[in-house]
Amino acid sequence: VFMGNLQVDLGPVQYDSDSLLSPIPLAAQISLGTGAAVIILLVLVVILMYRRKSKQALRDYKKVLLQLETLEINVGDQCRKEFTDLMTEMMDLSSDVGGPGLPLLDYKTYAERIFFPGQQIAPLSRQLDLPESRRQTVEQGLQQLNNLLNNRLFLTRFIHTLEAQQGFSQRDRGYVASLLTIALHDKLEYFTEVMKTLLQDLVQQYVAKNPKLMLRRTETVVEKMLTNWMSICLYSFLKEVAGEPLYMLYRAIKYQVDKGPVDAVTGKAKRTLNDSHLLREDIDYSAMTLNVLVKDGVEVQPCPVKILDTDTITQVKDKILDQVYRGAPFSQRPAADSLDLEWRSGQAGHLTLSDEDVTAVVHGRWKRLNTLQHYKVPDGATVALIPRFHSSGVNQVFQTGEKTPMLEGEEEEGLRLWHLVKSSEDPEIPKHRKSSMRERERAKAIPEIYLTRLLSMKGTLQKFVDDVFVAILSTKRPPPIAVRFFFDFLDDMAEKHGIDDPETVHIWKTNSLPLRFWVNILKNPQFVLDVQVTDSIDAVLSVIAQTFIDSCTTSEHKVGRDSPVNKLLYAREIPRYKQLVERYYSDIHSAASGCYQEMNSTLTELSGSFASEMNSLVALHELYKYINKYYDQIIMSLEEDTSGQKMQLAYRLQQVAALVENKVTDL
């Protein structure tokens, strides 16, 4: 060992053979080797699986990209097709929509539909059903009741007493208000004064609670009286100004809806403004022209009518009737159910077509309505409408001009009817569309593709919607005297009760005219015009009416990604319509004063014009039924009032009761 300068010889060195660590046993060595091999194998398997999955994911990603690309091309094609359709239709519409004169309802029918909506037999159409022996006495009693109604104290007490009764429903309130309107139609000046008195009471109630809620609904007799009063006063305005653009809008909607497929069972249409009524299926259809044999005097002339091969037989009949009776009001043309459609080919070939017959296609529990496609009727075929000897009455068309979609199901057979799409979740693809099944599945994944149809429809109808809104809200011509008079009355009420918030007065005006009268007319043109409003037309009108409602509100119209499609559709137009409404209100406000005298002379003129058409005796008899029902309460109310006692109102009512129904009273 050398250490610096030292050198020492230690001699031989021997290591100890016993190690501190014992050697690893053979079994453990084998186990460790096997474990390591398994782990290496697993890692290899995971790496292989990962690589395989990555390749699969890449393939799927490329597939999705390809599908999206195809989808994008399809959307582009769809948009281009819709745009081309739109431009073609705009040219067609401008030449086709004008048509013949305005089918305005006569005043009596108009009043019936507004005063008594949804009633099949309104009091104006009925006669007093009395035995001859009693007629003279009852009529004398009803005349005395009429005299009583002309007493303002009696009338206001009568209305307030009825409204205080628990059993007097909201429907009863509307009915009584309309009966009073008929009974007092020959004295509209007095009717207006009573309405103002009752409205002052209503203002008093709401000022104490929340004034912005006043006239929001029709919950009281006076609110329905106001609706009727506006309807009476604005009939001439409808006739001279607003009726024509409203009819043009109706014609434009009908023309547009009929150009695309409409499902006869669900009422859904390809061309609509309402996304809940949109036919979100790509229906294969083609336009056809049928030559309809029409008897013109002695000669039979062929009349070309455009229809679709996917139309049901009833839809075809309706389109033929629309064309043949184009100049006639709806009530004067025959009902589709009273006629049969006959396909004529050659001398002897006559085949009667119908929605349901033995040839109808039945799959499981589904029965498909027959179409021209089903019967293989060719383009240019000759058909004729012939009177039907037995009516099946599948589609019920009421006299009010409203048509409901076909009811589903033939309960006795346990079958459900369908036309273009099934209303269940498991639609079966018809044979003629199985080839395009894959494309349809992709389209189903994103049904919003078809929302472009809403935009197309909106663009086509825009001019007609604008014309209606401008006709209603323009002050270029003097607004109706009734509107100026009533807005002036509301301004006075606000001033009297110290309401200086312009928003409250704006809401009052909106609730009394646009939302009370105009929205009703926009949603139900059959109240003014002699036309038929089908379910698919009604869906479009509902969107336009909602746009009108949004235009009259004071709140800012905010839209976002989650807003309903119908609101998004007119989001750009609503601010412009809002300005129209605000300018209308401000122009009337600045020119309203001093119209009371003019209003009274207008009311006197209206009383004389239409009073003869009002069936006042029937209305008085109907009113008496309410007097009879709440007789004791009304008598008590009249006796409690000092002025009523002086005028002997209770005694006079007892006399009426004695005459009308031989009621024994303690006179």
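Here is a walk through a predicted model, moving from its charged surface to its covered interior and then to its salt bridges.

Let's begin on the outside, with helix α1, which spans residues 26–96 and includes K53. On the surface, R51, R52, K53, K55 and R59 come together as a patch of positive charge. K53 has 60% relative accessibility, so this residue counts as exposed, the cut-off for that label being over 50%.

From there, turn to a helix that is mostly hidden. Helix α14 covers residues 502–512, and nine of its eleven residues are buried. Which residues of α14 are buried? They are T504, V505, H506, I507, W508, K509, T510, N511 and S512, a list in which polar names stand beside V505, I507 and W508. If you want to see what lies over them in the viewer, look for helices α6 (188–208), α7 (221–233) and α13 (481–496), which are among the elements covering the buried residues of α14. The cover also includes α15 (514–523), α16 (535–552) and α18 (574–591).

Two single residues are worth a stop on the way. T371 sits in the loop that runs between β8 (366–368) and α10 (372–375). Is T371 buried or exposed? Its relative accessible area is 6%, so T371 is buried, since buried means under 20%. Leaving aside residues up to four places away in sequence, T371 touches D309, T310, D311, T312 and I313, and also H419. The second residue is S456, found in helix α12, which runs over residues 452–473. S456 is buried too, with a relative accessible area of 7%. In sequence, S456 and T272 are 184 residues apart, while in space their C-alpha atoms are 9.0 Å apart.

Now for the charged pairs. Side chains of opposite charge can pair when their charged atoms come close. How many salt bridges does the structure hold? There are 22, and a few of them show how such pairs can be placed along the chain.

Start with a pair inside one helix: the side chains of E139 and R135 form a salt bridge with an N to O distance of 3.6 Å. Both residues belong to helix α3 (residues 132–149), where they are four residues apart, or about one turn of the helix. An α-helix has 3.6 residues a turn, so residues three or four places apart point the same way. E139 is partly exposed at 28% relative accessibility, and R135 is also partly exposed, at 22%.

Another bridge reaches between helices. The side chains of D466 and R576 meet at 3.4 Å, N to O. Because D466 lies in helix α12 and R576 in helix α18, this pair ties together parts that are 110 residues apart in sequence. D466 counts as buried, at 18% relative accessibility, whereas R576 is partly exposed, with a relative accessible area of 41%.

The salt bridge between the side chains of E598 and R484 has an N to O distance of 3.7 Å. Here, too, distant parts of the chain are linked: E598 is in helix α19 (residues 596–610) and R484 is in helix α13, 114 residues apart. E598 is partly exposed, with a relative accessible area of 39%, and R484 is buried, with 16%.

Finally, K254, D258, D318, D322 and R333 are joined into one network by salt bridges that share partners.

Terms used
Residues numbered from 1 in each chain as written. Predicted model: local features only at pLDDT ≥ 70, side-chain atom pairs only at ≥ 80, totals over all residues. Heavy atoms only, no water. Patch = residues over 30% accessible without salt bridge, like charges linked within 9 Å, V, L, I, M, F, W, Y side chains within 5 Å. Areas by Shrake-Rupley, 256 points an atom, 1.4 Å probe, with all protein chains shown as cover. Salt bridge = Lys/Arg side-chain N within 4 Å of Asp/Glu carboxyl O. Lys, Arg positive; Asp, Glu negative; His and termini not counted. Charge placed at Lys NZ, Arg CZ, Asp CG, Glu CD. Helix = DSSP H or I, 4+ residues; strand = E, 2+ residues; numbered from the N terminus. Buried < 20%, exposed > 50% of the residue type's maximum accessible area, 1.4 Å probe, protein only. Contact = heavy atoms within 4.5 Å.
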